[in-house]
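Grab a coffee and open the viewer. Here are a few short exercises on empty space, a bound ligand and model confidence, each with a worked solution.

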Amino acid sequence: MIEIKNLHASVEEKEILRGINLTIKPGEVHAIMGPNGSGKSTLASVIAGREDFEVTDGSINYFGEDLTEMEPDERAHAGVFLAFQYPVEIPGVSNTYFLRQAVNAMREARGEDELDAKSFLDMVKKRAAEVHMNPDLLKRQVNFGFSGGEKKKNEIFQMAVLDPKLAVLDETDSGLDIDALKVVADGVNALRNENRMILVITHYQRLLEYIVPDFVHVLVDGRIVKSGGKELALELEKEGYAELEAQTANA
Amino acid sequence: MSQLMEAKDTFLSLFDEASSDRSGEPGWLRQLRQNAMDRFGEMGLPKATDEAWRETSIKPIVEGTFGRSSSSESALASDYYYKGFDAHQLVFVNGRFNAERSNIGDLPAGVKLTNFADAVTKYGEMVQDYLGRLCDWKERSFAALNTALAGDGYFLHVPKNTVVDRPINVLWISEPGDQAAASFARNILIVEESADVKLVETHIGPQGTTYLTCPVTENFVSANANVDHYVVQDDSTKAFHIGEQCLEQGRDSRFRSHTFTFGASITRNGVFGYLRGENIDSILNGLYVLRGKQHCATFMQMEHIAPHCDSHELYKGVLDEESSGVFRGRIFVHQTAQKTDAKQTNQNLLLTDKAQVMSKPQLEIYADDVKCTHGATTGQLDREALFYLRSRGLRKNEARALLIHAFASDLTERVQIDAIRDKVEELLWERLPRS
Ligand SMILES: Nc1ncnc2c1ncn2[C@@H]1O[C@H](COP(=O)(O)OP(=O)(O)OP(=O)(O)O)[C@@H](O)[C@H]1O
Ligand SMILES: [Mg+2]
């Protein structure tokens, strides 16, 4: 379980998150929607441990541990996964090599032996097939020269391989055509189970037709201003954020 | 008397001390040495104000006293430094040929491979013909010193149409013992028309020892010949390495060089190339991986004299702690060199705030129909990439090592000889920061 309480975070002295409260239980899928610049990626980054952001108040309790005290790699070892809004290109590093390092780092942290090359490749191929990822991408350099869609698929693929307890998907649907969107959504749905927590961040209601969330939250100006069931997404689609933004401005 | 003058005297007396070594040499060589020493006497050591030496302080060299080492014995491991490297091996210890440790083996008919002193005896006319033809000792102090004091290096002559089956490895071990010693290896590589050879120059010395090594190689590459040339420098990090590669290429020839610098306190890699015939392909790559207070300067000058020649230089530096790097490169395109395709790139990765780099690739073009580019970048590790890797579970040091390796592997991957590639990879990994 992850329990975020009164979370405030700043970047370069500027407060971006201004008191977030959010609890996700195993098995639940939550969606966060909100206008540009409202702090969605900031929340995702703070969960994953990006150093640029400073938590100035509040707490994140993750299975009884204070997540904010942990290094980004320790969070990953504890099962936190972030699918980046903008996956990073890393020329000179092959996707396979990178993934193998990642898998073995996770295993080492859990006190398990390294996977040998063959078992690793078998596992990777299986997961790639599950998320309909072209296995050729494995041989390429990490995200380097990938199309937008390929980058997003690569994130879902990594998620499938790393098998996280908490997956935060930051706009994994943005900029995708409908076919790619279906692949991404199918991938996420395939990974959905009673132990996993999933936080989907999106701009677009469309994604939520394919990944049906249990809860929807609206983030405006660093705060969650409204929460509800999946129908809230439809409401937002119709009415837009304008009204909610106006409400928070007056608040 | 200034320190620079005193240091000059040290080298002048080195010359005097070595006079008995020279007594058996032919007159022309003794004269050449004397002329070079006289010229050195006029020039002295480079001054801090010399443009070409502005960023490289030779103060520690000036302050050091370097004698001549009499020992040609080495306690260093008896293998040839590389693992499983099937090569023709020449070993020099403290600048002297060590025949016992060398293993030249069988060479194709007509190939001459021996040490400099032996070549002077056996192939005197040829040595006379080539020695000093490319190395402009009248202009450069250390080149003059090398010419005057030229000690053992290798002499390689590959006749026309001959393919040297296995690579040649020339290993210089500097192991001066108690007194800091200076050595001046002089090498001549002559590759005749359509011949083919792979050669490795390797420099090592026990960690913690101080010595000065000033090797000069003159590479003569004739028409349609192919040379793969490697320099692996893993000298003691208290040593000084002031080296020079001079290159002349004839038409349709290919020269590929890879210079790896891991060692020495101060390194200077001079490269002077003359592309004299048409349709030459000249590739010069370099990687320097420095830490502590190591300094490495690359000083390169490529002259395009004939049309339709390509020269591509890629030099990369990884600078940790308080190390510093210099890259000064100049491509000079003569009016006669139309259709030149030249590209000079220098990229540096600074791992700390205290590491420094001065990079100045330059073009000087007198022909109008050419494709010439140059570029320099200096940056730090990509924070986004680091975070990305860490978010996937890689520890900070692993993530850093992976990114640094990715930056440098561009150059290690170009090495065509497995044993060399394995070694430079090993040296690279060894030097990646662990914290
Ligand atoms: N590294 C940073 N330095 C300075 N400001 C930043 C940084 N990262 C984000 N911000 C600012 O914080 C605010 C919130 O940004 P964030 O990326 O969290 O928004 P978002 O809701 O994800 O927007 P989008 O829908 O465009 O992805 C913006 O005003 C942004 O400019
Ligand atoms: Mg965002």
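**Exercise 1. Find the cavities, then describe the lining of the largest one.**

*Solution.* Keep in mind that you're working with a predicted model.

Step 1: search the whole structure, and six cavities of 30 Å³ or more turn up.

Step 2: pick out the largest cavity, which has a volume of about 110 Å³.

Step 3: list its lining. There are 13 residues, and those nearest the centre are Val231(B), Gly243(B), Glu244(B), Gln245(B) and Asn269(B).

Step 4: map the lining onto secondary structure. In chain B, the elements giving two or more residues are strand E8 (196–204), strand E12 (240–249) and strand E14 (266–275). Strand E12(B) gives the most, with four residues.

Step 5: sort the lining by class. You should get eight polar, three nonpolar and two charged residues.

**Exercise 2. Work out which residues come nearest to ligand 1, and which elements of chain A give two or more residues to its shell.**

*Solution.* Step 1: collect the residues around ligand 1. You'll have 16, with Gly37(A), Lys40(A), Ser41(A), Thr42(A) and His203(A) coming nearest.

Step 2: look for polar contacts, taking N or O pairs within 3.5 Å. Lys40(A) puts a polar side-chain atom 2.8 Å from an oxygen atom of ligand 1. With Ser41(A), a polar backbone atom is 2.8 Å from a ligand 1 oxygen. Glu171(A) has a polar side-chain atom 3.4 Å from an oxygen atom of the ligand.

Step 3: check how much of the ligand gets covered. On its own, ligand 1 exposes 630 Å², and the protein buries 67% of that.

Step 4: assign the shell to elements. Strand E2 (14–24) and helix H1 (40–48) of chain A are the ones giving two or more residues. Helix H1(A) supplies the largest share, three residues.

Step 5: split the shell by class. The tally is eight polar, four nonpolar and four charged residues.

**Exercise 3. Which elements of chain A have the lowest and the highest mean pLDDT?**

*Solution.* Step 1: start with the whole chain. Chain A averages a pLDDT of 92, and 98% of the residues score at least 70.

Step 2: go element by element. At the low end is helix H9 (residues 242–250) of chain A, with a mean of 68. At the high end is strand E6 (residues 80–83) of chain A, with a mean of 98.

Note on methods. Residues are numbered from 1 along each chain as its sequence is written. Chains are lettered from A and ligands numbered from 1 in the order in which they are written. This is a predicted model: local features need pLDDT of at least 70, side-chain atom pairs count only at pLDDT 80 or more; totals for chains, interfaces and linings use all residues. Side-chain values use heavy atoms; hydrogens and water are left out. On a 1 Å grid over the protein atoms alone, a cavity is a set of points where a 1.4 Å probe fits but cannot get out, and a pocket is an open set with protein on both sides within 12 Å along at least five of seven lines; lining residues have an atom within 4 Å of a point. Grid points are joined across faces, edges and corners, and a volume is the space filled by probe spheres set on the points. Ala, Val, Leu, Ile, Met, Phe, Trp, Tyr, Cys and Pro count as nonpolar, Asp, Glu, Lys and Arg as charged, and the others, Gly among them, as polar. A residue is near a molecule or strand if one of its heavy atoms lies within 4 Å of it. A polar contact is a pair of N or O atoms within 3.5 Å; within protein, one must be able to donate a hydrogen and the other to accept it, and residues adjacent in sequence count only if both atoms are side-chain atoms. Accessible areas come from the Shrake-Rupley method with a 1.4 Å probe; for residues, only the protein chains shown count as cover. pLDDT is the predictor's confidence in each residue, from 0 to 100.
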